[in-house]
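Below are some comments on the model you asked me to look over, set out as numbered points. They begin with the nucleic acid and then turn to the charged pairs within the protein.

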Amino acid sequence: MSLSEQELIRRDNLEKIRALGIEPYPSSAYPVTHTAAQIHNQYTEDHSEDFKEVILAGRLMMKRIMGKASFAELQDNSGRIQIYVNRDEICPQEDKTMYNTVFKKLLDIGDFIGVRGFVFTTRTGETTVHVQELELLSKSLKPLPIVKTDAEGQVHDAVTDPEFRYRQRYADLVVNADVKEVFVKRTKMYNSMREYLNAKGYLEVETPILQPLYGGAAARPFKTHHNTLDMTLYLRIANELYLKRLIVGGFDGVYEFSKDFRNEGMSRFHNPEFTQIELYVAYKDYEWMMNTVEEMIEKVAIDVTGSTKVEVGDHVIDFKRPWKRYTMYGAIEAFTGVDISEMDEKAMRVTAQEIGVGLDPSMGRGKIIDEIFGEKCEPHLIQPTFITDYPVEMSPLAKKHRSKAGLVERFEAICNGKEISNAFSELNDPIDQRERFEAQLELGKRGDDEAMVLDEDFLRALEYGMPPTAGVGIGMDRLAMIMTNSSSIQDVLFFPQMKAEE
RNA sequence: GAUCGGUUAGCUCAGCUGGUAGAGCAAUACACUUUUAAUGUAUGGGUCCUGGGUUCGAGCCCCAGACCGAUCACCA
């Protein structure tokens, strides 16, 4: 590895610091008393007495050196604050090395320092820490990208290269203030949901990620191998089947934030690993679940953004209840003007052609409906909308509709033109479930590599009896994109999957 | 996987018809005791993504490849 000029200088500075008898990586705890944000929020000149002694720690992010007194900026977890460093104050004795050499020359942007001092307001009105003691806490050897913000808040030379930002998220976080905010919001989203579900008495659980059979969704899995057991294992594509086993076992409500893995294409909406929350509640149906999802996500929007109205791209999305509801046929009729509910496969094909939806000859009736919906309706559904009653062929784990033949009791929540949630009245008839699995096996034999596999153990569980149950999955990454106004999934994942470097 | 765009100093970006590689910030040196994108003066810093080709000569043109992004296809 060859080092740049600046990296060599920093290594040289490190040695010089050591030569002065200063440990560049001290191990003692540093007694921080304040954060930058606390001082900005709480300090006023009227009660400067309360800020006579503050201790802060963080990265040195900017130096404005001016002879015997300098200004610099310290960045901690909460933000930035200016510090004032005066030579004769940090070096009261004859020896001015700490200021002249260490502070002015050997400290670099990115170094962690600790400062003790008092808070005051400068002539230009900036709240500043007047430093009386300065300590190096950790030396930085690699120069950070320099991003500057001027008085108008205008950011100069922002690091926008996605490759740099995703591969070196640690540096992205240091340098781009708003990135942290995205991830704080993401965590708030999780907390908000936990709060909501725990208050209802549902139990947060954990189920296997390494599974001998993958199930619960139509997707290609990652495959791995356990050496001792000498068996093939799959990374889960969904946790549905395990959570339903827990409902069989007698829990009334269980949920899991589930990291799932799908061995499929990547795009700004797809990362090979992603997170869903799945929730299963006994003695409920999909109608109940729609109300629950609505209520929960409305709360999430308020907890995360402070409002039910969330700005996303060019739109303002309002999560205020109640959300619009369409049946799938109803949505198709609303957006194309054609009622296809009574059509057979042949008639549907003709209709699809007429309205300009391209079809594959292998597609069955259910798939055709989905295709028309995906082409003609979904992209237009910006405000949160429930689509209900899906064709049975596409939903092997959902209960048949109580009154409409050929359909299942299923809904998806669509928002900003994308699915964010999928739910059904769960199929609990073990014989029906076996037949549905068998139909999937047929699809598999015909070459559908996303067809589900038959899970005997799951069927055994259902045979013991599962209460009527409503289940839902909500895509956490997709929801995070909406709640943080991010246009790609990579922006809401700390470390999105990337090709290997070099 | 397909199409299009990008890749030049630590960072953000220029780079003419193909003729010795540029700026700002950062860095280095000096000056400066309330600055704030601090300022002034000076200096150093390049595998122009990689490999071929055309040419007297390639950052630029041609071919192949790598990585990133956008759009499309599949999927959540």
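1. Which atom of RNA strand B lies 3.1 Å from a polar side-chain atom of Lys367? In this predicted model, the partner of the Lys367 side chain is a phosphate oxygen of RNA strand B. A phosphate oxygen of the strand is also found 3.0 Å from Lys499, although there the protein contributes a polar backbone atom. Thr122, by contrast, places a polar side-chain atom 2.8 Å from a base oxygen of RNA strand B.

2. Taking the surroundings of the strand as a whole, 54 residues surround RNA strand B, and the closest are Glu5, Ile65, Thr124, His270 and Arg478. By class, these surroundings divide into 22 charged, 20 nonpolar and 12 polar residues. On the RNA side, sugar or phosphate accounts for 57% of the strand atoms within 4 Å of the protein, and bases make up the rest. Helix α5 supplies the largest share of this surface, with four residues.

3. Turning to the charged pairs, the count of salt bridges comes to 43. One of them joins the side chains of Lys200 and Glu295, with 3.2 Å from N to O. Because Lys200 sits in the loop between α7 (177-199) and β8 (203-204) while Glu295 belongs to helix α9 (residues 286-305), this pair ties together parts that are 95 residues apart in sequence. Both partners are partly exposed, Lys200 with a relative accessible area of 38% and Glu295 with 27%.

4. Helix α9 takes part in a further bridge through Glu298, which pairs with Arg321 at a closest N and O separation of 3.2 Å. Arg321 lies in the loop between β15 (315-318) and β16 (324-327), so this bridge links parts that are 23 residues apart in sequence. Are the two partners buried or exposed? Glu298 is buried, at 10% relative accessible area, whereas Arg321 is partly exposed, at 37%.

5. Two further items complete the account of the charged side chains. Asp318 and Lys309 meet in a salt bridge with an N to O distance of 3.8 Å, and Asp318 counts as partly exposed at 24% relative accessibility; since the rule admits pairs within 4 Å, a colleague rechecking the list may wish to keep that cut-off in view. Finally, Arg165, Arg169, Asp172 and Asp491 are linked with one another in a network of salt bridges.

How values were computed: Residues numbered from 1 in each chain as written. Chains lettered and ligands numbered in written order. Predicted model: local features only at pLDDT ≥ 70, side-chain atom pairs only at ≥ 80, totals over all residues. Heavy atoms only, no water. Helix = DSSP H or I, 4+ residues; strand = E, 2+ residues; numbered from the N terminus. Buried < 20%, exposed > 50% of the residue type's maximum accessible area, 1.4 Å probe, protein only. Near = heavy atom within 4 Å. Polar contact = N/O pair within 3.5 Å; in protein donor to acceptor, adjacent residues only side chain to side chain. Nonpolar A, V, L, I, M, F, W, Y, C, P; charged D, E, K, R; others polar.
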